[in-house]
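User: Please take a close look at chain C, and explain it in terms suited to a first-year student. A connected account would be preferred to a list.

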Amino acid sequence: MTALEELRAEPQQAEELARAWKNRPGPLGWISVTTHQELGMRYIVTAFIFLLLGGIEALMMRIQLASAENTFLNPARYNQIFTVHGTTMMFLFAVPVMEGMGVYLVPLMIGTRNVAFPRLNAFGYWIYLAGGLLLYAAAFTNTMPDAGWFAYSPLSGPQFSPGKGVDVWAQMITFTEISALCVAVELIVTILRLRAPGMTLNRLPMFCWAMLVQSFMIIFAMPAVMIASTIFLLNDRTIGTHFVNPAEGGDPLLYQHVFWFFGHPEVYIIFIPALGMASSIIEAFSRRPVIGYPALVLSLVANGFIAFGLWVHHMFATGLPQIGEAYFTAASMMIAVTSGVQIFCWLATLWSGRLQPTAGLHFIFGFLFIFVMGGLTGVMLASIPLDLQAHDTFFVVAHFHYVLIGGTLFPLFGAFHYWFPKFTGRMIDQKLGKITFWLLFIGFNCTFFPMHILGLHGMPRRVYTYVPEMGWGPANLLATIGAFIIAAGGICFIANVLKSRRFGTKADPNPWDAGTLEWSTSSPAQAYGFIHLPVVASRYPLWDQEKSKDIVTGLRNDRREVLVTTVLDAEPDHRLVLPGNSIWPFLTAVGFSIGLYYSVFAFSGYWIATALGMIGIIGWFWPRQPLDIRP
Amino acid sequence: MRFAAIGCFLLALTACERERRDLRPSPAKVVVFGDAAIQSQILPGGGAPRASVTNPFQGNAYAISEGQRLFGWYNCTGCHANGGGAIGPPLIKDHWIYGNEPANLFDTIVKGRPNGMPSWGAKIPEYQIWQLVTYIRSMNNLEPRSATPERLDTIEQSSRTILPKSEGEPR
Amino acid sequence: MTWGRMPSCAPVANRRWPGESGTRPKLATCATMLFSLASAFGQQSSLAPGGTHASQIKSLGVFFFWLLGIIFLIVIAIAVASIFQRGQSTQDEAAQRRLKTAIAGASVLTILILFGLVVVSVGVGKEISAPGGRGNELVVEVTGNQWWWFVRYLNDDPTRIVVTANELHIPVGRPVLIRGLSNDVIHSFWVPGLQGKRDLIPSRVTTQWIETNEPGRYRGQCAEFCGLQHAHMALWTVAEPESQFQQWIGTQLRPGAAPSDDLQQRGQEVFLSHACVLCHSIQGTTANGQVGPDLTHFGSRLSIAAGTLPNNKGNLAGWIADPQNIKPGTRMATVPLDPTDMQPLLEYLESLQ
């Protein structure tokens, strides 16, 4: 029985649920939304806007580097732009967009109605938006940070980075980090406690596994960057501590260690959800369960652990003790094993599947090509002697764009083409999708492949120009041309989304005939997700429908109620009433943001943040009687 | 170039003095020897009031940091330590014999003062003198707080060592 | 500040390097860039090594390249083949088991290959960082500054300490120990033709050995982002036979050449009476500023502004008149100079051989 039939069969229930999950009208209603689809979509759209801004910055850099001694940007501006580009892509695009996909899809995939903490979810979004606004408001008032997205001390210290740019950068990190922690906490609890009955951990979809691992990584990695950016750097800059200021006895390497203890896992935080997406897309378009589910899950988890053990490979050139070098070389190469296992599983799945040449699958093949190459250059960089030559050159720029764009953006675009019907209720144009893919794929390789060679021929990173004698001009010009091809691909994608959203053919609940639960609800999914929460008896409930036709009954439809199940076996435990619409997350976020914005200028900002935040939280937790919370 | 134009427009709209970076200041003029400040309103023969001189780097963070660097480079520290004063007078104080307005400080650096302060007018280019002036004023919290970096721990010590003072020594 | 208020480099510069024949390969085409892996480029390539260490690294890199390249091709071949496979063996149990065995086998193979790579890497890593001293080593202190290199040849005899800037002369066949320091932010000493990079970190001393058997010039560049002019912080390493090197040291030990004619005499006066002396020093004169490069033997240097421009009178004039035009943000002050003083100053500085 599909959800659509149910919907027809039980219009009254649907109506009741729709009333319980409705958002309030008007702008006040808009800011008090707590449903996961709305917030997830806001995350995704906001993140794509930042992607666009980051992309424009990238184009400006490429124009500047197109020829030797170009004068399109001056050095100060160039430094600011590459800093903001890196910061935007890492903190304002990559992590949030993955969180957005998780927030949107996870509850649907595990068969529940919302995330475990809807108001925290809303708070996380508003804080993220506030952080992004802080950086770009600063950028448009000429207060851009210019010490790189890594902001190494002492260059980022008060002496060498005058002005407020770096303070803004450091505090912006706080925002995105609070937001990431909120989402991580709520996704972990959602995945562990809100799964549909019968969905044991062994039957969890790959994407949810990926989000679970990613969320745990966020919880362990993000506090490190808070220590680096806020406690070390911001305090050094604003209240005169000397944690990382060598001129007064601080240690600049301490900053690097703490920063990369976050910075390396960050790469995997971005990239592990993409692995989950790749698994989902491969399953759907090869029309078969993924081969080696346990191996895939274990390697995801192992990835999560190992990612914390190799941060030092960013610091090989600082001169480490030899035993440390050997250890971190080995650890860095170990991550290639777990990634390799996943690639092998996917290859086997593709090999034995009936492939459907959709745009989504195109992106997966592009992902395999680019990501494997990025992974192999990563193996090169794990080797200390090679790293000492390639470190901080364009070779590294090429490497991490291969890994991050290839490993993240391609699966993400694939995911967008795959889940588009669920997001919008309409099919995305496959032909335009394929054009997008080819533009991106060709443009990408055209941009970043020459950079490998540039790096080996001695072109360092983060240079705003180069002298003509070096012979780097032609390859750089090629890279610039490639960047514009990528931009064309981006425009094609936006056009496709806008067009298909309006004029695409209406989508069935399960247009791809995929196996996971999100495809059992209507397209687009209703705010309440499912009319009856499903009961699951296999890993691919829609492919094995004969196994279980059970549904959960007994939940009240006139309020936001979900079923809590046990952690391992997903046996029904108790009913939980989720809070409805609330304006307090927004107000709390505004209060915190005002204080944190001001803390860029004075330490007393923290007191303001605490006071205003507390007011918000009091309102947020004000007990309501009776306890059944209506929208 | 369109991005540049849009960016230019937006920045012009909201650009703020604090973050401005004159990497290429106007070609250094030969300095106005000691004409910057009006030390007395009473002029012989009732001369015409002179145009007031303003510090081009007022409130500018980059100028303050450049000034801080030059303060060390040009060996101001040799006499004034980090600002606490040694064989020269401290530069962190309330009472200034020759005034602490930008124009006064500019004059002091350009012309020198009796009892030891040399004249730097012939040596240091004008824009760098203004940077030094801005830095010295920032030490006294006369520049906006948002443009002033945190002060050195040793800023008020009257020697160049960074060792902590031994116990019992009067502060 | 508006966009493009400061040009990034003087377009008038004469870019011919001293001692260089006129037939420098000027425009490597895209194709040569991509497919010829050597020469054609400036002397700053890790693929055209001259040093023993860099050669070892290159051999390792070539090994990695072929091994990993083959793996890449195999993986992509399988992926492409799967497109044409059309699921012939979909749900067949035996086929499934075969695939799972293949996955396990590939994983084990991956582990073995990576283990081998770790062993090889650590081995080469040990070799390139091993102390090269055989009792005849030369110890050079390289200090990073925003944005130039201070170079000091250490010697037990303080009168034989040589100081120079943005240029490193090393004798062929003798191991050289680079002691890396920094005066401000973190820089990274990197001469790709000789050795991998080593960060110069304030408050620390880092060390690195370089050695070469081939005389020649190797360009190096700062590899750690160090602020506005990170892009223009290069240095030349000149490897020369021992005798020539000793001769060079001998020259460097002498005080600056005395002016030999009126014009140079006038130039010296200009130098000593302007802001130049606040930062620069010339041994044998009263100029002893300590914060800028030592100019005692300026005339013999290859480049000005840390490898930005070849050292000749035209470029020097442009540099002195408006340093911020050539290297926006540089610490070199724009010194107001009477137009008639420029020529004597140039004559004097270039005479400092």
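Analyst: **Chain C and its contact with chain A**

In chain C, among contacts with a separation of 6 or more, 67% are between residues 24 or more positions apart; two residues are in contact if their C-beta atoms, placed from the backbone, lie within 7 Å. The model is predicted, so local features need pLDDT of at least 70 and side-chain atom pairs count only at pLDDT 80 or more, while totals for chains, interfaces and linings use all residues. Residues are numbered from 1 along each chain as its sequence is written, and chains are lettered from A and ligands numbered from 1 in the order in which they are written.

Chain C has 353 residues, of which 47% are buried. A residue is called buried if 20 or more other C-beta atoms, placed from the backbone, lie within 10 Å of its own, exposed if 12 or fewer do, and partly exposed in between. The secondary structure of chain C consists of nine helices and 12 strands. These elements are DSSP runs numbered from the N terminus: helices are H or I runs of at least four residues, and strands are E runs of at least two.

Two sheets of chain C deserve attention. In the sheets, two strands pair if DSSP finds at least two bridges between them. As a general rule, strands of a sheet pair through backbone hydrogen bonds, either parallel or antiparallel.

One open sheet of chain C has five strands with mixed pairing, in the order E3-E2-E1-E5-E8. Its edges are strand E3 (162-165) and strand E8 (206-210) of chain C, each of which pairs on one side only. From one strand to the next, the twist averages 25°; angles run from 0 to 180 degrees between N-to-C directions, and axes are lines fitted to C-alpha atoms, for helices over the stretch in contact. Strand E5 (residues 176-182) of chain C runs antiparallel to E8(C), and five bridges join them. Leu177(C) stands opposite Trp209(C), which belongs to E8(C).

Another open sheet of chain C contains three strands, ordered E4-E10-E9, and its pairing is also mixed. Strand E4 (167-171) and strand E9 (216-221) of chain C each have a single partner strand, so one side of each is left without a neighbour in the sheet. The twist here averages 20° from one strand to the next. E9(C) and strand E10 (residues 234-240) of chain C run antiparallel and are joined by six bridges. Arg219(C) has Trp236(C) in E10(C) as its bridge partner. Helix H4 (residues 242-253) of chain C lies across E4 and E10 of chain C, and this helix runs at about 135° to E4(C).

The account now turns to the interface with chain A. Here 85 residues of chain C are in contact with 79 residues of chain A. On the side of chain C, helix H1 (30-35), helix H2 (52-85), helix H3 (93-129) and strand E7 (198-200) are the elements that give two or more residues. H3(C) provides the largest share, 20 residues. Sorted by class, this side of chain C holds 46 nonpolar, 29 polar and 10 charged residues; Ala, Val, Leu, Ile, Met, Phe, Trp, Tyr, Cys and Pro count as nonpolar, Asp, Glu, Lys and Arg as charged, and the others, Gly among them, as polar.

One pair of helices shows how the chains meet. The axes of helix H12 (residues 359-382) of chain A and H2(C) come within 10 Å and cross at roughly 165°. H12(A) and H2(C) are therefore roughly antiparallel to each other, since angles under 35 degrees count as roughly parallel, over 145 as roughly antiparallel, 65 to 115 as roughly perpendicular and the rest as oblique. The crossing of H12(A) and H2(C) is right-handed: the near helix is turned clockwise from the far one by less than a right angle, whereas an anticlockwise turn would make a crossing left-handed. Residues of H12(A) at this contact include Phe365(A), Leu368(A) and Met373(A), and among those of H2(C) are Phe64(C), Ile71(C) and Val75(C). The contact of H12(A) with H2(C) has 15 nonpolar, no polar and no charged residues.

For comparison, chain B has five helices and zero strands. Of its 171 residues, 36% are buried. Chain B also meets chain A, where 19 residues of chain A are in contact with 21 residues of chain B.
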